[in-house]
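I opened this entry to keep track of what I looked up, in the order I looked it up. The sequence and the structure go here first.

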Amino acid sequence: IQIEVCALLNSQQMLLLNEPIALDAWQTHLQEQAVPANVDDFINHMANFCAPNVAILDCTANQDIAMQYATIMEKGIHLITPNKHANAGDY
């Protein structure tokens, strides 16, 4: 199995690349090429520019991200998360 990272997002910034991110230099890439965080742009990048069988790994405890899960899955993106807000909100 070959796993490639093509985007990173935190609460303030994101890194969106059209090729795999070199994991031994991700911090440098983030410092040099980051743009302001935008969840919609991040999701669209994952859906349109990353390889098939794409997945988002959400390690946040963020309700706003959990509210995007339906959109993420509708775009054919797999979702992996321990986010407790996804299971604690309204059905």
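My notes below go from the whole chain to the cysteines and then to one aspartate.

**Whole chain**

I noted at the start that this is a predicted model. I looked up the secondary structure and found 5 helices and 5 strands. Along the sequence they come in the pattern β-β-α-β-α-β-α-α-β-α. I then checked the radius of gyration, which is 13 Å, close to the 12 Å that the globule rule gives for 91 residues, so the protein is as compact as a globular protein of that length. Along the principal axes, I have the C-alpha atoms filling a box of roughly 40 × 25 × 20 Å.

I looked up burial next: 23% of the 91 residues count as buried. The exposed surface comes to about 6600 Å², and carbon and sulfur atoms supply 51% of that area. For contacts with a separation of 6 or more, I noted that 39% are between residues 24 or more positions apart.

**Cysteines**

How many disulfides does the structure hold? I found 1. The disulfide is formed by C6 and C50, with 1.7 Å between their sulfur atoms. I read 95 degrees about the S-S bond, and the link is right-handed. I then placed both ends: C6 is in the segment before strand 1 (7–9), and C50 is in the loop between helix 2 (39–49) and strand 4, so the pair ties together parts that are 44 residues apart in sequence.

Are the two ends buried or exposed? C6 has 12% relative accessibility and counts as buried. C50 has a relative accessible area of 13% and is buried; the cut-off for buried is under 20%.

I also checked C59, which is in no disulfide. The nearest cysteine sulfur to that of C59 belongs to C6 and is 16 Å away. A disulfide needs the two sulfur atoms within 2.5 Å. At 60% relative accessibility, I entered C59 as exposed.

**D58**

Where is D58 found? I located D58 in the loop between strand 4 (55–57) and helix 3 (63–66). Its relative accessibility is 4%, so I entered D58 as buried. What is D58 in contact with, leaving aside neighbours within four places in sequence? I listed I65, Y69, I80, T81, P82 and N83.

For the record, I set two entries side by side: D58 counts as buried, whereas C59 counts as exposed.

Methods: Residues numbered from 1 in each chain as written. Predicted model: local features only at pLDDT ≥ 70, side-chain atom pairs only at ≥ 80, totals over all residues. Heavy atoms only, no water. Helix = DSSP H or I, 4+ residues; strand = E, 2+ residues; numbered from the N terminus. Buried < 20%, exposed > 50% of the residue type's maximum accessible area, 1.4 Å probe, protein only. Contact = heavy atoms within 4.5 Å. Rg over C-alpha atoms; globule rule 2.2 N^0.38 Å. Areas by Shrake-Rupley, 256 points an atom, 1.4 Å probe, with all protein chains shown as cover.
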